[in-house]
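Me: Could you take a close look at one part of this protein for me? I'd like to hear about the salt bridge and what sits around it.

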Amino acid sequence: MKMQLFTSFYRYFNMENFELGLLLMVVGMAAVYAVLLLVIGLGKALIALVNKYFPEEVVVARSVGKTTGVSAGEALPGQTAAAIVSAVSVLTEGRGKVTKIEKPGA
């Protein structure tokens, strides 16, 4: 009974086609993986090339001080403005700058 089931499996599924299908699947997956590695490598090389020949401009941050964007009657204390500028600098790792501070709904 077992042998008959096994031989009927071989008759129904041609093992040559099955092996060819597995080989094509493995070759295809390897090709996709190789192309993915190539794209990643070229992307990193492009980023390094652009950063080398076209560096990001260094912008000098202005101090916010008294010109904070709130009305004259509601002047923002200097320590509060300095705390906001410091928090933005820490959170953006020095890349962000505060140009205007406004109260919500104003």
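**The salt bridge and its surroundings**

Reply: Happy to. Keep in mind that this is a predicted model. A search through the whole structure turns up one salt bridge. The partners are Glu93 and Arg95, and their closest N and O atoms are 3.0 Å apart. As for the chemistry, side chains of opposite charge can pair when their charged atoms come close.

Is Glu93 buried or exposed? Glu93 has a relative accessible area of 63%, so it counts as exposed, the cut-off being over 50%. Arg95 is exposed too, with a relative accessible area of 65%.

Now follow Arg95 to another part of the chain. Val58 is 37 residues away from Arg95 along the sequence, yet the two C-alpha atoms are separated by 9.5 Å. Val58 lies in the loop between α2 and α3, the latter helix covering 78–91. With 77% relative accessibility, Val58 is exposed as well.

On the other side of that loop is α2, which runs over residues 15–53 and includes Val26. Val26 helps make a nonpolar surface patch of about 510 Å², together with Phe18, Leu22, Met25 and Met29.

To put this in the setting of the whole protein: there are three helices and zero strands, giving the pattern α-α-α along the sequence. Of the 106 residues, 7% count as buried. The protein exposes about 9,800 Å², with carbon and sulfur atoms supplying 67% of that area.

Methods: Residues numbered from 1 in each chain as written. Predicted model: local features only at pLDDT ≥ 70, side-chain atom pairs only at ≥ 80, totals over all residues. Heavy atoms only, no water. Patch = residues over 30% accessible without salt bridge, like charges linked within 9 Å, V, L, I, M, F, W, Y side chains within 5 Å. Areas by Shrake-Rupley, 256 points an atom, 1.4 Å probe, with all protein chains shown as cover. Salt bridge = Lys/Arg side-chain N within 4 Å of Asp/Glu carboxyl O. Helix = DSSP H or I, 4+ residues; strand = E, 2+ residues; numbered from the N terminus. Buried < 20%, exposed > 50% of the residue type's maximum accessible area, 1.4 Å probe, protein only.
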